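Got your viewer open? Here is a short tour, stop by stop, with what to select and what you will find there.

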Amino acid sequence: MPDNDNCRRLDEPARSYCEGDTGGSGGSGGGSGGGGVTDNAVVSVKELADSLVKHITAQLAPGKTWAPEKADSGIYAEFLWLGQHLTVAIFICVVVVCALTAWQGAPRLRQMGTSTGWALVAVAGMASIPGAVMLLNKAVSAAFTTAFNSDEATLFKTISNDMERAADADNPLGILIIIAALVVALAFSALVFMTRQLGILVFVCMAPLVLASLARGGDTSAVRAWAGRLLGLMFAPFALLLIAPFVQFAEGSLVVDAVLLVAADALVLRMIFHGVPYIGPRVAGAARALVESRTDHPVARAVVRAGAPTVYEQENVPRGPRTVDTPGRAASRDGGVLLAAYGLKQQQRPGHLTAASMVAKVHHEAPRRAQAAQARREAWAAASQQVSNPRAAGGPTATPAPSGPVPQPAPPAGPGTAPAPRPSGPTRPNNP
């Protein structure tokens, strides 16, 4: 029997493994009755599955973030100082410009008043960003935990119930499949945790610099882009709720639960690709390249390709874009929005097509090119028919006028005079 005093120093579920009887001759039900080892193994597997579900839920929507909780924290104080001084500098520049051009009257006074109000709003908002992000993260975590634990129709709750009441709950193969699926989901949840935490930290530290752009006169384009990215990071875990309508079909079967869990993994990877800027696309592409280099299984390749699809550069064509932005172009565009808020113009990235994108473009434009070629052939046929048979085409019968100038008859040459040379080109009147 293991020492219970030493077992108390361990965390769950290792503590339960240490304190419990894992079979043998001294275990309950282990002697002549048999089945003790099997029962303890089933209990251990169920506890392992429940522990994996708890860890996955905690990583998808943790209650705490790496972002600072207060404005006086060491990691945020430097950005706050820089943002406040930048706001003051921008405000002074606006006041000086308005004073130098005060002869324009009301528009300049209105601009100075707007800059004053937005500068006060920016400075006040800089100190409230960390606390607001922490409160919002706690609310998202509580809502996510409640949504995934209170209802029997959620995926993780269904998996926990099927571990006890499913038709294949006693089948070792079904239990092995669901454990493997939970381990894979745990790896994806760790990826989501890292990208969300780093993304939230970066965007919170960028808050003073973004809000400082308001002092230029209320330009909220950079603030809207920043807030949209941050809210996308905060509410990203709720993308798993899209699996909820299909949970009822999987109830009672661990194998179908594993299939839905793999589908949720692909959805999470897709959410990282579209929801997390800059970091997410590169991590998703690296994960896809790693899986494709290590395995040739078509199902695994299909899952990673669905989660991280192939993208090309943005095609700048008059008929509108047809491809997804790459991470570098998205980062450059967001940086251009921030620079535009400060009144700076960013150099545009040149658009170019990759080989696969060019092939797709040719195939896409093939019907339009064929239609245009057919219309040109019909127009040429109608024009040639009208020229060859003008009466049949309903046109006038008059002869066409000559395109060049009409030659004038030369004057009669007198005796002893040489004929004047004929001009080789069109004549023009003499200069006065």
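Before you start clicking, one term: two residues are in contact when heavy atoms of theirs lie within 4.5 Å. Keep in mind, too, that this is a predicted model.

**Stop one: the whole chain**

Show everything as a cartoon. You'll see 14 helices and zero strands, so the pattern along the sequence is simply α-α-α-α-α-α-α-α-α-α-α-α-α-α. The protein has 432 residues, and 30% of them count as buried. Among contacts with a separation of 6 or more, 71% are between residues 24 or more positions apart.

**Stop two: Arg 288**

Now select Arg 288, which sits in helix α11, residues 279-294. Is this arginine buried or exposed? Its relative accessibility is 15%, and the cut-off for buried is under 20%, so Arg 288 counts as buried. Show its surroundings and skip the neighbours within four places in sequence: Arg 288 is then in contact with Val 304, Arg 305, Ala 308, Pro 309 and Thr 310.

**Stop three: the second largest pocket**

Val 304 is also one of the residues lining the second largest pocket. To see the rest of the lining, select Val 184, Phe 188, Val 262, Asp 265, Val 291, His 297, Val 299, Ala 300 and Val 303 as well. The pocket has a volume of about 230 Å³. Which elements give two or more residues to the lining? They are α7, α10 (254-275) and α12 (298-307). Helix α12 makes the largest share, with four residues. Colour the lining by class and you get eight nonpolar residues, one polar and one charged.

**Stop four: the cavities**

Next, switch to looking for enclosed space. Rolling a probe the size of a water molecule over the atoms shows where empty space is left. Here the count is two cavities of 30 Å³ or more.

The largest cavity holds about 100 Å³ of space. Its lining has 14 residues; for a quick view, select Leu 60, Phe 156, Leu 240, Leu 261 and Ala 264, which lie nearest its centre. Helices α3 (36-60), α6 (155-165), α7 and α10 each supply at least two lining residues, and the largest share, four residues, comes from α10. By class, this lining has twelve nonpolar residues, one polar and one charged.

Keep Leu 240 selected, as this residue also lines the second largest cavity. Add Phe 148, Thr 154, Leu 155, Leu 241, Ile 243, Ala 244 and Val 247 to complete that lining. The volume of the second largest cavity is about 30 Å³. Its lining has seven nonpolar residues, one polar and no charged.

**Last stop: α4 against α7**

Finish with two helices: α4 (residues 74-100) and α7 (residues 172-211). Two packed helices are described by the angle between their axes and the distance between the axes. For this pair the angle is about 25 degrees and the axes are 7 Å apart. The helices are therefore roughly parallel to each other. To light up the contact, select Ile 75, Tyr 76, Phe 79, Leu 80, Leu 82 and Gly 83 on α4, then Leu 201, Val 204, Cys 205, Ala 207, Pro 208 and Leu 209 on α7. How do these contact residues divide by class, and how many are charged? Eleven are nonpolar, one is polar and none is charged.

Key:
Residues numbered from 1 in each chain as written. Predicted model: local features only at pLDDT ≥ 70, side-chain atom pairs only at ≥ 80, totals over all residues. Heavy atoms only, no water. Axes fitted to C-alpha atoms, helices over the stretch in contact; angles between N-to-C directions. Parallel < 35°, antiparallel > 145°, perpendicular 65-115°, else oblique. Nonpolar A, V, L, I, M, F, W, Y, C, P; charged D, E, K, R; others polar. 1 Å grid on protein atoms, 1.4 Å probe; cavity = no way out; pocket = protein on both sides within 12 Å on 5 of 7 lines; lining within 4 Å. Points joined across faces, edges and corners; volume = space filled by probe spheres on them. Buried < 20%, exposed > 50% of the residue type's maximum accessible area, 1.4 Å probe, protein only.
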